[in-house]
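Colleague: Please take a close look at how charged side chains pair up in this model. Start with the overall picture, then zoom in.

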Amino acid sequence: MSRDISRKDWIEQRIKPDEYRKYLDQGQSFIDDKFLQRIVADDSQPDPLQVRDILQKSLEIESLTEEETAVLTRVQDPDLLATMEATALKVKKKVYDNRIVTFAPLYLNNICVNNCLYCGFRTANQQVDRKILSSRQIRDETRVLAGEIGHKRLIVVYGEAPETDIDYMEESIETIYSVKVPVRNGEGRIRRVNLNAPPLQKRELERLKTVGIGTYQVFQETYHAETYHRVHPGGTLKNDYLWRLYSMHRAYEAGVDDFGLGVLFGLYDWRYELLGLVSHARELEEKFGVGPHTISFPRLEPALGAKIVENSKYRLADSEFKRLITVLRLAVPYTGLIITARESAALRDQVIELGCTQADASTKLGIGGYSYDEAAQSKAKQQFIIGDTRSLDSLVRSLIKRGYIVSFCTAGYRCGRTGESIMKLLKTGKEGEYCKLNAVLTFREWLDDFASEETRVLGERLIQKEISRIKQQLPEIYSRFQEYYSKTVDGKRDLFL
Ligand code: SAM
Ligand code: SF4
């Protein structure tokens, strides 16, 4: 922690404009407001033939342009809409087959120097109990997540404050990776820590690369600059739109090429935000050959003392939310789409059929909520209230019943399948092949180490079906897979192909 400088000095030294100015084109960013406004304003009904051509492009796992994406947002014909949804599912199957990845968020602190009008953690909110987890508490939280629930992936979430600066981030991630808990067979541990953090400097990202982070998420919240400046008041760090917008560019320079984009839907017109995400994905693809690994689309949720939430005229209805996910699946076909427990169980189940590939479970948002008492779940310690309170076991069971295999695979980043190399594999469907094998191995591990009897029996049946499929579809690798699978059944852990 930067104990030797004052809070004010720390804030003043955070933003390094030189780290983003070099990317601007005559002072302009890659978000072309006039262009996006113009295509959002077009409300003509698209020609069905044009829509079908666009869908064909998605099926070939090619990203769509902003104009093509906008066309899909305008379709009203029920038959065409049904075709779009069916195509979104086909695209998802082609890239991800029947795999769903699960994870848990771990909130490490709720101290923040910013004043985002929608967030319960904002500095002006006097009603919130401020808390930072110590190393011991982080170990306790990790023990529950990795040893009782059985998670292998976490997304760690930080406010922006000198008390939880890069030193704290580095230490907390190292602490999480160091925890090993005895389970039914061997030990449980977190194998991949993804990060949802404020925009960082290049040298800080280099340090996180060394610690071994997975995805680096920074949500732009809104791509509409005017709204951005209104909801992130002047005089705060977060008010700097460009510093945030170029977070992934700095990450790439620092060697972190696993990008997580996101928008907080409900602050501005969802169509504009969707096109902003597409522009961002295209910019990253064009500049670095790597598009976003994941996209998140939280909807504004009621938060303690955040009046803006109830008053926002842009809050998304469920029907619009579903359209958004369908179009996103088609516009960035290779990208993982995350649906969080902010949403209800029923809605989450529906949107998994439209293209979502990742879901959290057993989620607790209170700081210290996994290992400490119920008080940690009080409104005063949470950022907002969650909608799906299902345990991981119950989510897994419901997914199995619908034919989904839950992947606990974290091999990608540990065997170098990230960034540009994973993009190629995803686009050609090759990643899917490896992932299917690793998904089965890790699913087997989880069933043996953590599942309830009912879930284990159902999961076992699904695994047998998957194994027959692997035998037919991937004969060249089947015998190696069988060897790994038998070892896993015998209790060997963390084998991946
Ligand atoms: N402090 C970091 C930042 O703002 O980038 C990361 C942590 S912040 C808690 C993570 C995300 O929570 C934000 O990027 C925002 O999209 C989301 N969030 C904040 N308030 C919310 C609300 N009321 N409803 C839903 N999501 C919210
Ligand atoms: Fe702080 Fe992030 Fe909340 Fe804004 S959204 S107040 S930056 S924790």
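**Charge pairs in context**

Modeller: Of the 497 residues in the protein, 64% are buried; buried here means under 20% relative accessible area, exposed means over 50%, and partly exposed is in between (1.4 Å probe, protein chains only). Bear in mind that this is a predicted model, so to speak of local features we need pLDDT of at least 70, and side-chain atom pairs count only at pLDDT 80 or more, while totals for chains, interfaces and linings use all residues. For bookkeeping, residues are numbered from 1 along each chain as its sequence is written, chains are lettered from A and ligands numbered from 1 in the order in which they are written, and side-chain values use heavy atoms, with hydrogens and water left out.

The protein has 22 helices and eleven strands, taken as DSSP runs numbered from the N terminus (helices are H or I, at least four residues; strands are E, at least two). Its radius of gyration is 22 Å against the 23 Å that the globule rule gives for 497 residues, so the protein is as compact as a globular protein of that length. That radius is taken over C-alpha atoms, and the rule is 2.2 Å times the number of residues to the power 0.38. The C-alpha trace spans about 60 × 60 × 40 Å along its principal axes. Taking contacts (heavy atoms within 4.5 Å) between residues at least 6 apart in sequence, 76% of them join residues at least 24 apart.

Now for the charges. Side chains of opposite charge can pair when their charged atoms come close. The structure holds 41 salt bridges, each being a side-chain nitrogen of Lys or Arg within 4 Å of a carboxyl oxygen of Asp or Glu.

The part I'd zoom in on is a network of salt bridges linking Arg348, Asp349, Glu353, Asp360, Asp388, Arg390 and Arg402. Inside it, Asp360 and Arg348 meet at 2.8 Å, N to O. This pair links distant parts of the chain, with Asp360 in strand 10 (residues 358–360) and Arg348 in helix 16 (residues 345–352), twelve residues apart. Both ends are tucked away: Asp360 is buried at 3% relative accessibility, and Arg348 is buried at 2%.

Next door in sequence, Asp349 forms a salt bridge with Arg390, the closest N and O atoms being 3.3 Å apart. Asp349 lies in helix 16 and Arg390 in the loop between strand 10 and helix 17 (392–401), so this pair ties together parts that are 41 residues apart in sequence. The cover is mixed here: Asp349 is partly exposed at 22%, whereas Arg390 is buried at 16%.

Set against that a local pair, Glu206 and Lys202, whose closest N and O atoms are 3.8 Å apart. Both lie in helix 9 (residues 202–211), four residues apart, about one turn of the helix. Glu206 is partly exposed at 33%, and Lys202 is partly exposed too, with a relative accessible area of 26%.
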